[in-house]
Structures are given as structure tokens and as C-alpha cells.
Amino acid sequence: MLIDFLRATIQQCWCHRRNARSKSKKDVTEYAEKVIDRRINKSSTFQVYHIDQSRYEVTNQMKNGILNLESCYYTCGKWQLLGIPCTHAMAVFKELRYQHCSAWMSSYFTMETY
């Protein structure tokens, strides 16, 4: 009886995910979208300085560091840890006028993977 209940619950969960994917026109999951929006808002006061083709210095009131777009790396470590660009990367994307940052995210947060 419990096994049947669990099986039905899991089946409903996967059915919900499949339906959410088919209805969504977005590239990333709702969670990733919320994180991105929050990080864009936090990055509004950051200063960005171009170093070379793929490196930028990003500064704010608390600290500064080097962002490398080739290796998707910033010294805060949040981009590498979560797989979603950190606030410092968002400041660089805004400076470069990138409309979508889904190409810079881990595939875990794409609707296709979801």
C-alpha cells in the first residue's frame, strides 16, 4: 500500500515537471530566475573596469576582485559553487549589455534539464 502511494506521488511529481517544461517559454528554472533578479539588483552599484578580452575588475564598497569570463571565475566563489553567475558577473554582463545570462549558467538550471 505504501509503495503504491509513493509510486503515485513520484509519478505526479514527474508529470508536473513535464507539464511545467512544456508550458514554459523561459530558458531557466523559476528558482534560477529569482536568484538572477536578486543578483542583478545587488550589482547596481558595482564598478566594472575592463582589463583585457576576458578579464574585468569589479569593485564595490566591500571588496574588489577579478572576473574571468573564459573560466567563469570570480574570487568570491559563488559562481563556481552554485553554477549561477554571481553579482559581480551580473555587473559585467550589464556593462557588456548582455540580455541573457543563461549561457553562463550550469545546465542544472535550464528548463531542458528540469
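This note goes through a few local features of the structure, point by point.

1. Before anything else, please keep in mind that this is a predicted model, and that the values discussed below were computed from its atoms.

2. On the cysteines, the structure holds 0 disulfides. C86 is a useful case to look at, since the cysteine sulfur nearest to that of C86 belongs to C76 and lies 3.8 Å away, whereas a disulfide calls for two sulfur atoms within 2.5 Å; C86 is therefore in no disulfide. C86 counts as buried, because its relative accessibility is 1% and the cut-off for that word is under 20%. C72, by contrast, is partly exposed, with a relative accessible area of 26%.

3. On charged pairs, a reader may ask how many salt bridges the structure holds. There are 2 salt bridges, and as general background, side chains of opposite charge can pair when their charged atoms come close. One of them joins K34 to E30, with 3.5 Å between the closest N and O atoms. Both K34 and E30 belong to helix α2, which covers residues 30-42, and they stand 4 residues apart, about one turn of the helix. E30 counts as exposed, at 57% relative accessibility.

4. In the other salt bridge, the side chains of R55 and D52 meet at 3.1 Å, from N to O. R55 is partly exposed at 33% relative accessibility, and D52 is likewise partly exposed, at 30%.

5. R55 also appears in the surroundings of N68, a residue of strand β3, which runs over residues 64-68. Leaving aside residues up to four places away in sequence, N68 touches S54, R55 and Y73. The side chain of N68 also reaches the backbone nitrogen of S71, at a distance of 3.4 Å.

6. On the surface, Y31, L81 and L82 make a nonpolar patch of about 340 Å². Within this patch, is L81 buried or exposed? L81 counts as exposed, because its relative accessibility is 77% and the word applies to values over 50%. As for its place in the chain, L81 is found in helix α3, made of residues 78-82.

7. Finally, H100 is worth finding in the view, in the segment that follows α4 (87-95). H100 counts as exposed, with 61% relative accessibility. Although H100 and D27 are 73 residues apart along the chain, their C-alpha atoms are separated by 9.2 Å, which is a reminder to read positions in the sequence together with positions in space.

Terms used
Residues numbered from 1 in each chain as written. Predicted model: local features only at pLDDT ≥ 70, side-chain atom pairs only at ≥ 80, totals over all residues. Heavy atoms only, no water. Buried < 20%, exposed > 50% of the residue type's maximum accessible area, 1.4 Å probe, protein only. Helix = DSSP H or I, 4+ residues; strand = E, 2+ residues; numbered from the N terminus. Polar contact = N/O pair within 3.5 Å; in protein donor to acceptor, adjacent residues only side chain to side chain. Contact = heavy atoms within 4.5 Å. Patch = residues over 30% accessible without salt bridge, like charges linked within 9 Å, V, L, I, M, F, W, Y side chains within 5 Å. Areas by Shrake-Rupley, 256 points an atom, 1.4 Å probe, with all protein chains shown as cover. Salt bridge = Lys/Arg side-chain N within 4 Å of Asp/Glu carboxyl O.
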